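Good morning, and thank you for coming. I would like to walk you through one structure, and I ask you to keep it in view while I speak.

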Amino acid sequence: AAKEAGKGQYASYHPDLDERAHYDAQLGAELRLAMERGEFRLLFQPVVRLPDRHPVGAEALVRWDHPSRGVVSPDEFIPAAERTGLIVPLGAWVLQEACRTAADWLHGHGATGPWTVSVNISARQLREAHFSRRVSAALAASRLPAERLMIELTETAVFDSRAAAQTLREIADLGVAIALDDFGTGHSSLGLLRNIPVSVLKVDKSFIDHITESPAEATIATAVVSLANGLDLGVVAEGVESAAQARQLHLMGYQLSQGYHFARPMAPERVRDLLVALDGRPAADGPLLERQ
Ligand code: C2E
Ligand code: MG
Ligand code: MG
Ligand code: MG
């Protein structure tokens, strides 16, 4: 029937599926090899306080140092890693590596200020049996206190996983903070806030991009910060690229922010130096991050 349909949707659908399956199988095999070879590494992007830019955390963002293609961004391989299931071992590595790195900032370098490290978690990882045990094991192995860790989940990841609410409660009970990432782009945002122990909303870049020129966009961004404040949640504006945005976000009541305007994802040693330099300094010391 698909053939008869000629240019109909099925006729064009099958080759796409085949292509994707082929692409996934190939990339899956490559990713497996890359894990064995240790080709992944983490960068960390500071989360800063408005308006003084003091780092209050850092988000771990995975990179693949491909032997011939150079640095591959996660948008190019995380979706395939999710479809092939490789995200489970890769995500476990990211979690362990982020905890180990952050524990070194804390115990090895004396960065004892009030910062957290955040790790992105896929739906597939959340669906794993005993995912909360993986989290507690990563904390125990690294000696990172649970209060230093935040996990980031999208609304869709939480929504897709029936076991999520229970798993997330176990994780929250450990003392780990839970952030809803890309907030506003998934579904059922408001119901989720009631059912899972969220402590931070990360407002997606797409809601931040046009706040300075569009009153409608500014209204949405203001509504989210008011929602967060009312529910006593932390709120982070993602993808801030300009001083004008940062100023406006501060006026709207945003206290935390992340974006190229403040800092790009950077090597762990650089974040470590920022956090170490911060210790014992009064907040009024001014910007620790240079403008980009
Ligand atoms: P995300 O978790 O929403 O992370 C934020 C992304 O926005 C990062 O891209 C960051 O580099 C980028 N970004 C931050 N500030 C700005 C800005 O001002 N302008 C622009 N244009 N971009 C900005 P990155 O590192 O390429 O990661 C993309 C996505 O890949 C992440 O989005 C996350 O969903 C996923 N990802 C990254 N690392 C991991 C991981 O270890 N595990 C999983 N499951 N997903 C990951
Ligand atoms: Mg994230
Ligand atoms: Mg995000
Ligand atoms: Mg994102």
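I shall begin with how the model is described, then turn to a metal site, two buried residues and the nonpolar cores.

This is a predicted model, in which local features need pLDDT of at least 70 and side-chain atom pairs count only at pLDDT 80 or more, while totals for chains, interfaces and linings use all residues. Residues are numbered from 1 along each chain as its sequence is written, chains are lettered from A and ligands numbered from 1 in the order in which they are written, and side-chain values use heavy atoms, with hydrogens and water left out.

Which residues coordinate the magnesium ion (ligand 3)? They are Asp181 and Asp182, through OD atoms, and Glu238, listed twice through OE, at 2.2 to 2.5 Å. Donors here are N, O and S atoms within 2.8 Å of the metal (3.2 Å for Na, K and Ca); water is not among the atoms, so sites may look incomplete. Along the chain, these donors follow the spacing D-D-x55-E. The magnesium ion (ligand 2) lies 4.0 Å from the magnesium ion (ligand 3), and Asp181 coordinates both. Distant parts of the chain are linked here: Asp181 belongs to strand β6 (residues 177–183) and Glu238 to strand β8 (residues 234–238), 57 residues apart. Helices (H or I, at least four residues) and strands (E, at least two) are DSSP runs, numbered from the N terminus.

Is Asp181 buried or exposed? Asp181 is buried, with a relative accessible area of 7%, and Glu238 is buried at 11%. Buried means under 20% relative accessible area, exposed over 50%, and partly exposed in between (1.4 Å probe, protein chains only).

Next, Glu152, in strand β5 (residues 149–154), is buried at 1%. Among the residues that Glu152 touches are Ser118, Lys202 and the metal-binding Asp181; contact means heavy atoms within 4.5 Å.

Ser257, in strand β9 (residues 256–258), is buried at 0%. Its contacts beyond four places in sequence include Val47, Val236 and Phe262.

Finally, the largest nonpolar core has 79 residues, and Leu149, Leu168, Leu201 and Tyr254 have the most contacts inside it. Helix α3 (residues 87–108) gives the most to this core, with 11 residues. Apart from it lies another core, of 7 residues, among them Val47 and Val236. A nonpolar core is a set of buried Ala, Val, Leu, Ile, Met, Phe, Trp, Tyr and Cys residues joined through side-chain atoms within 4.5 Å.
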